[in-house]
Amino acid sequence: MYEQISHSLLNDILNQIRPEISKQDLRHFYTRLGGNFYVIHSLFERLYGNRPDFHHQLQRLVEIMARNYINRPEELKQLDLDREKDYNWFLSQQWVGMALYCDRFANDLQGLRKHLNYLQELGINLVHIMPIMRCPEGSSDGGYAVSDFRDIDPHVGTLDVLHELANEMRKNDSLLVLDIVLNHTSNEHKWAQLARSGDPFYQDYYYTFETRNMPDTFEQNMPEIFPETAPGNFTWDEEMGRWVMTVFHDYQWDLNYTNPSVFIEMLDIILYWANQGADILRLDAVAFLWKKIGSSCQNEEEAHIILQLLKDCGQVTAPGVLFIAEAIVAPMEMVKYFGEDTIIAKECEIAYNATFMALMWDAVATKSAKLLNQGIKSLPAKLDRATWLNYIRCHDDIGLGFDDADIVMAGYEPSSHRKFLIDYFLGKYNDSHARGIPFGINEETGDARISGTLASLVGLQYAQETGDEQASDDAIKIILLLHSLILSFGGIPLLYYGDEIGTINDLSYLKDPHKADDSRWAHRPKIDWGKAERRHTEGTVEYAIFNALKRMIAVSKEIDVFADYNNRRLFEVNNFHLFVYARYDLKDRDKMVLVVANLDGKPQSLNLKDVALWPDSQYHRLIDLYTGQKPDIFKDTLVVPGFGYYWLSLI
């Protein structure tokens, strides 16, 4: 397509735009639209160009962007301008996040406002609030089955309270992250209800079929996401008299993005929440957005086109708002959700580093960096202007999504190694103190995923049950060790609520019939604020973890080389218990920090000549930035305490 054609089409669109829109002050909007329209037109045509209503839908698309720009608060428009000038603002090491359920953390949004000081005390300045949109009573997949995309669950609060929270966070230089569930709606959503009533317009919002022929054809290649609790990918709806695609649960109906009306609706919803004050929007289940017969219906090219189109439209209306890709897929597929470019993230600026998460858990079980090193080497480089979310735990289960080739390269047999890891974290292995719970068991393959809080998985629950003080000390050390990695690795560290005070598994979910078959609720606890208060009492577990993390976060924010500019060098050293990498200044390679993590409970040694960052004569000048003390060095050998870590730099 020639650029002149798209610009001519844009002139036609603007000439036909509704008067109530054209009369507004749209200076910045028109500038951004002109700069992005060629790509927007091209992508929209690739998806929908063969439809007779293409030009009408494109007109609607531009008007939706314009209306949301008009409705965008002036304060947020100014923030857009500021972030356009400082376009790498989110790569800074200053951002440290926490993911939480509002109702589990603080009852509601008003309670969360009251507890912002708790988060600030720890050093958190990015808060990801799990889904708060209206959802059905009972089964709602933890809020990911949305029945109204424009309203807040009344149990959590109101839009007015959300605005107050967003404004207060903005004044404190904190970022608000909200969820947008892109792939599906609840079967109680008004679109689903209209589809059920027989409205063909809304039946085309979903994948619905009169017979099993099409579902059977799709399912020849589609895997099951929850084989234990939600087998299959289609559900018969008696009222509608049709089969509907339900990849996740039978009450979550997959949206049909081959229909441009669905795309425009969801773009409108994204921009709506951007205008409510969200700085970052987490786009849920993005790998599933495009369904195609003969494929797994995951990671399709069209899913990436959808995301790039959403990003380009977002940059016209609300360019200061970032996207997180929730794509828990194979490493080679994961980086594609940044967008395949040389520098700029054309789809999502941020993605979950699920590979690093899974590799860290392997290192906990094996006490070895073999697979960790191999997996990191195989992870494709991210774009310069994109970043990872590095996390240890989240609201979801732990999947062992390593590449089989990496497992072999690390010296293991893939199936037996995965079985070992599952057994280890379920506490079935002799040397394991883990108290994990299986999730998503596949009886045919023996595969399973793991639920459980960080504290329970590293042995703190075991220690409390048995009174084993050594096990308690070791568990605390492992908790801190893992956090030292996500804070120094490069990317936005994302803590999970409750981990900062050593919260163990909550089994109360077993008493709730809507949750009892989903073990992930074990690590979605209701925060015990009495337990949290013990962070001020020396000698308690809560004091030890919270205050160490508080110091760790504060120190990490002062280390400029921890900013994420693809400035990490991995070292494979002779001691497989050690995970070693350097973070450096791209403009001054003499400015660097060496990160050394001991994955074993016994002290381990590192020959500093193996990393060759400093002359031998300089070793006496090394200092651990976290403790402010000199490390243990004998001649050229560094000794790292059991489950210890160093952030080493020259003084």
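This tour moves through a predicted model, from a pair of packed helices to selected loop, helix and strand residues.

**First stop: helices α4 and α14**

Begin by selecting residues 54-71, which form helix α4, and then add residues 301-317, which form α14. Two packed helices are described by the angle between their axes and the distance between the axes. For this pair, the angle is about 40 degrees and the axes lie 9 Å apart. The arrangement of α4 relative to α14 is therefore oblique. When the view is turned to show how the helices pass one another, the crossing of α4 with α14 is right-handed. To display the contact itself, select L61, M65, N68 and Y69 on the α4 side, together with C313, V316 and T317 on the α14 side. Colouring this contact by residue class gives 5 nonpolar residues, 2 polar residues and no charged ones.

**Second stop: N68**

Remain on helix α4 and centre the view on N68. Is this residue buried or exposed? N68 has a relative accessible area of 6%, under the 20% cut-off, and so it is buried. Next, show the backbone of I64: its oxygen lies 2.8 Å from a polar atom of the N68 side chain. Beyond four places in sequence, the residues touching N68 are D268, L271, Y272, N275 and T317. Of these, T317 belongs to the α14 side of the helix contact already displayed.

**Third stop: A285 and D173**

Select A285, in the loop that runs between strand β11 (280-284) and helix α14 (301-317). Although A285 is not a glycine, its phi is positive, at about 55 degrees. The residue is buried, its relative accessible area being 3%.

Move next to D173, in the loop between α9 (159-171) and β5 (175-181). Here too a residue that is not a glycine has a positive phi, of about 60 degrees. Which side of the accessibility scale does D173 fall on, buried or exposed? With 57% relative accessibility, D173 counts as exposed, whereas A285 is buried.

**Fourth stop: R83**

Select residues 74-85 to bring up helix α5, and pick out R83 within them. R83 is buried, with a relative accessible area of 13%. To see what surrounds this arginine, add W89, L175, D279 and G320, which R83 touches beyond four places in sequence.

**Fifth stop: E188**

Go on to E188, in the loop joining β6 (184-186) to α10 (190-196). At 47% relative accessibility, E188 counts as partly exposed. Display P136, S147 and Q193, the residues in contact with E188 once its neighbours within four places in sequence are set aside. Then select Y251, 63 residues away along the chain: its C-alpha atom is separated from that of E188 by 8.1 Å.

**Last stop: A597**

Finish at strand β20 (residues 592-598), where A597 is found. Its relative accessibility is 0%, so A597 counts as buried. How far apart are the C-alpha atoms of A597 and F579? They are separated by 5.1 Å, while the two residues are 18 residues apart along the chain. Selecting the contacts of A597 beyond four places in sequence brings up L481 and L485, then H577, L578 and F579, and finally G644 and Y645.

Definitions and conventions
Residues are numbered from 1 along each chain as its sequence is written. This is a predicted model: local features need pLDDT of at least 70, side-chain atom pairs count only at pLDDT 80 or more; totals for chains, interfaces and linings use all residues. Side-chain values use heavy atoms; hydrogens and water are left out. Helices (H or I, at least four residues) and strands (E, at least two) are DSSP runs, numbered from the N terminus. Buried means under 20% relative accessible area, exposed over 50%, partly exposed in between (1.4 Å probe, protein chains only). A polar contact is a pair of N or O atoms within 3.5 Å; within protein, one must be able to donate a hydrogen and the other to accept it, and residues adjacent in sequence count only if both atoms are side-chain atoms. Contact means heavy atoms within 4.5 Å. Axes are lines fitted to C-alpha atoms, for helices over the stretch in contact, and angles run from 0 to 180 degrees between N-to-C directions. Angles under 35 degrees count as roughly parallel, over 145 as roughly antiparallel, 65 to 115 as roughly perpendicular and the rest as oblique. A crossing is left-handed if the near helix is turned anticlockwise from the far one by less than a right angle, and right-handed if clockwise. Ala, Val, Leu, Ile, Met, Phe, Trp, Tyr, Cys and Pro count as nonpolar, Asp, Glu, Lys and Arg as charged, and the others, Gly among them, as polar.
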